[in-house]
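Here is a short report on a predicted model. Look over the sequence and the structure, then read on.

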Amino acid sequence: MKVLKIDLSKYRYEVEDRKDLFEEWIGGTGVAVQLLKEEMDLRADPLSEENVIVFAIGPFTSAYPLASKTVAMFKSPLTGNLGESHAGGRTATAIANAGYGAIVIKGKSKKPIYIVVHNDKVYFRDARVIWNIADSLIVGRIIAERESGRGIRTVMRIGGAGNKLVRYACVTTETYRHFGRLGLGAVFGSKNLKGLVVIGRGSRKIPDRHKYKEVYEKILKLALESDAMKKYHLLGTAVNVNPLNQLKALPTKNLKATRFEKAEEISGEALAEHNLGRRVACSHCPIACIHIAALRIPYETEPYFYKTIMISYDYELIYALGSMLGIGSRDGLLKLIHKVEVYGLDAMSTGVCLAWATEALERGLITEKETIVKLSFGDVDAYLKAIDYIVKQPNEFYRVLAQGVEKASEVYGGKEFALAFGKNEMPGYHVGYATHIGYLIGLRHSHLDNAGYSLDQKLKEIPKPQEIVDRLVKEEEWRQVLSSLVVCFFARGVYKPEIVAEAFEALGYETSPEELKMKGEKIYREKLRLKIKMGFDPDSLRLPKRIFETECFHGKLKEEYVKEALRYWKERYVLPLV
Amino acid sequence: MIIIIDMPKRLVIKDIEKCVGCGLCMFACSRRHGEIGNDYSGILPVSLSGFERGATVIFCRACKEPPCAQVCPTNALTPRKGGGVVYREDLCIGCKNCMEACTIGAIFERRNGKPALCIHCGYCANYCPHGVLGFEEVEA
Ligand code: SF4
Ligand code: SF4
Ligand code: SF4
Ligand code: SF4
C-alpha cells in the first residue's frame, strides 16, 4: 500500500510504498499511529505548523461492504493530546481507489488553499476567495462544482468554526459525515487548509475470485439479514433516545437530570414519523443509516414563501443539542443541528459547552455581560445566537468557550458541572460505572472506544472495578482491529474475528482470529504509548462531581469506585509502558 | 478482452428516488471484471449537487441508435441487440470520442484512458439493496 505525503509549506508531495506498515499494523488506526510517530515532533503545539494530519484506510476498503471509515489522526487542539476521529461518507473508498492506504499532511500553507488529489497527482488550489465562507455546505458545493470527479470523490472541508480555530471544529465530508471529535477542523484552519478533495478511479486484481465472492456474499448477507445491524436499518442511532430515557441514562439539562420530560418529542420514532425525508449511505454500505430530516420553515416576512432544509440527525446530536439543552421541540432541535452543521462544529462539544454556560449563568458564575444573550434551558433562539458567538468570538468569554468546557471552567469556575473527560466533552450516556470509566480510560475519551454504556446495560450486578476496566480494555483492543480495518463500528456484529480472518484469506493474506486479537492488543499499547509521549498523564484525569450527583441506571455512582478503577488501569496498563 | 452479450435484456431503473448513493452497484461492476475498486465500472453513483438533494446513478440508456458507436473510429463499439453497445477493448485506441458523444455522460474514463461502460449484463442489479435497479427483457 502506498502513502501519499503532502507538504503544505513547500507545496510538494511524494509517494512511498509502505507495504511493511500495512502488513504489520493492518491499516487505519494501527498505521496512523506509526505514521504520526514517524512524521511528527510529538511535543509540537497542535495549532502550529509542526502538527501532522494522517488519514488512513484499510485493506478491506473497496473490497468489502462496510469498510467505509477513514481514520484521521493528529494532535488535538482541544485536549493537547492524541486526536483521532473517524468519518464515513466517500472518503475511504476515494482514497483507496486513488491508490493510497494513507495520506499525510504536513506543514502550513502561506495562503489559504485547498488540495485536490486526483489519483497519482496532487494539485494545490487557491482558496483565498472561499476562505471566509462560513457555511460548510456552500464551501462543499463550490468546490464540487469547480472540480471533476463527480461520483468517485470525497470533498472534505471546514466551515467557519475551523477558520476561527474553534478547538472543537470538525471536518465535514459529503455534507453529512464528519471527522467530528477533537478538533481536526481547527488543525485544518491553522494550516490555511480549507478543504481536501480526493478523486479516485482505480482498482486492483482479486487474487482468488471464487473465495472472494463467497466471503463477500456472506458479509453482505449478514449485514442485510441478521439482527446484527437492524437497529441502524430502521430508526438509525436515534432509536436510543426513548430507551435511554427510560433507563434514566439520557443526560438532560447539563446532566442535572437523566430523564427528559420531552424525550418522546425528539425521539427517533417521532423524528421518523414527522420529519424523516430521505436516507443516504456511506460508500459501499448497504444499510444507509444516515437519516435526513426535512424541515420546512416559512420566510420571516413573506407569506406563502417557504424554504426546506435537509438536516441529518443522529443520537449524539439529539442528546447534545436536545435533551442536554432542554430542547423538546423537534423544529428547534433541527435548527440547532443545522446551525452546527453549517459552521462545522462538533455537535457534542458545542452542546456540552452551552449546557455548562447555561448553568454557570444560572448560578451567577458568569453574567449576561459574558454570554451576551440570556441562555436558559429550552430557549432555542438564545442557543442559535450563542452558536454564532462561539464561532465569531465577539468577547473574551466566547473566545474561551471556543476552547472547550475544560478551559472555560478553569477560567470561570463551575468545574463540578463541566462535563468533559480527558478534556473531551461528554457523549450522550449516563448509564453507570462502565460508561464513565470508559470515557476516562478510552484512548480517545469517546464512548465508542470501549462502549462502556453498552456494558453497563448488560451488567446484572456491579462487579469489582478491576473487572470493568479489564472488560473495557479488552473491548477497546478488539476495536483497534476494527478501526484498523476501518470497518464501521455499527457493523461490529458482522465483522467477528472469524469472518475477518476469512475475509483476509480471500485477499491472499493468512491470519487467524488469535493473531488478529494479538494485533489489537499491540495497537492498543502503541496508541497508549503515543498518548503518553504526547504528555498524557492518567493522574490528571478530572472527575466532574456532577456524575456522582445525578442518578443513573446504576443509581448514584460512588467516586471511590471510579478512582479505584483509574488506579488499577494506571498500574496494569499505563505504567508498564512508561 | 471480448465481451459478447446478445441477450435482449437491459439494466433498467425501477425507482430512482430510492437511490441512497451507496455505490454497491459500482463495486459490483468492477468485481464482475475480477477487480476490487471502480476502474472498470460502467455505473456511477452521484449525489445531486450534494447529498442534501439525494443521490442517483448514471449508466448507459441502451440507445437503439447509439451515438457512441457512430463516432468510434475503430469499431470497438458496435450496436448491441436490444440497445446499447458491444465493446471490444482490443480494438479500442482510447481516443475518447465515445465519451464526448454520449449525451448523458455514461461512458467513463479508465486509468488507461479507455472507456468503462455498461454492457447490460445485469450483475449489479443483484446487489442494489434498495430496489433501484432491475434487469429486464427488451424488444430487440
Ligand atoms: S453509452 Fe451513451 S450513447 Fe452509447 S448507447 Fe449508452 S447511453 Fe447511448
Ligand atoms: S475510446 Fe475506444 S471505444 Fe471510445 S470511440 Fe475511441 S476507440 Fe472507440
Ligand atoms: S449491468 Fe453489468 S455492465 Fe452494466 S453497470 Fe451493471 S454490472 Fe456493470
Ligand atoms: S446500489 Fe442501488 S441504491 Fe446503491 S448507488 Fe447503486 S442504484 Fe443507488
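How many residues of chain B are in contact with chain A?

## The interface of chain B and chain A

In this predicted model, 36 residues of chain B touch 44 residues of chain A. The size of an interface is often given as the accessible area lost when the parts come together. Here, chain B and chain A bury about 3,300 Å² between them. Carbon and sulfur atoms carry 51% of that area. On the chain B side, B:Ile36, B:Phe51 and B:Glu52 supply 25% of the area buried against chain A. No other three residues supply more.

Polar and charged pairs also cross the interface of chain B and chain A. The rule finds 26 residue pairs in polar contact there, both residues at pLDDT 80 or more. It also finds 2 salt bridges. One salt bridge joins the side chains of B:Glu35 and A:Lys205, at 2.4 Å from N to O.

## Shells around the ligands

Ligand 1 sits among residues of chain B: B:Cys60, B:Arg61, B:Cys63, B:Pro66, B:Pro67, B:Cys68, B:Gly84, B:Cys102 and B:Ile107. By class, this shell has 7 nonpolar, 1 polar and 1 charged residues.

Ligand 3 is also surrounded by chain B residues, including B:Cys29, B:Cys118, B:Cys121 and B:Cys124. B:Arg32, B:His120 and B:Tyr123 belong to the shell as well. The count is 8 nonpolar, 2 polar and 1 charged residues.

Ligand 4 has 14 residues around it. The nearest are B:Cys19, B:Cys22, B:Gly23, B:Cys25 and B:Cys128. This shell holds 11 nonpolar and 3 polar residues, and no charged ones.

## Cysteines

How many disulfides does the structure hold? The count is 0 over all chains. A disulfide is a covalent bond between the sulfur atoms of two cysteines. Take A:Cys353. The closest cysteine sulfur, in A:Cys170, is 14 Å from the sulfur of A:Cys353, so the two are too far apart for a bond. The cut-off is 2.5 Å.

Is A:Cys353 buried or exposed? A:Cys353 counts as buried because its relative accessibility is 0%. B:Cys95 has 35% relative accessibility, so B:Cys95 counts as partly exposed.

Key
Residues numbered from 1 in each chain as written. Chains lettered and ligands numbered in written order. Predicted model: local features only at pLDDT ≥ 70, side-chain atom pairs only at ≥ 80, totals over all residues. Heavy atoms only, no water. Near = heavy atom within 4 Å. Nonpolar A, V, L, I, M, F, W, Y, C, P; charged D, E, K, R; others polar. Buried < 20%, exposed > 50% of the residue type's maximum accessible area, 1.4 Å probe, protein only. Contact = heavy atoms within 4.5 Å. Buried area = accessible area lost by both parts, 1.4 Å probe. Salt bridge = Lys/Arg side-chain N within 4 Å of Asp/Glu carboxyl O. Polar contact = N/O pair within 3.5 Å; in protein donor to acceptor, adjacent residues only side chain to side chain.
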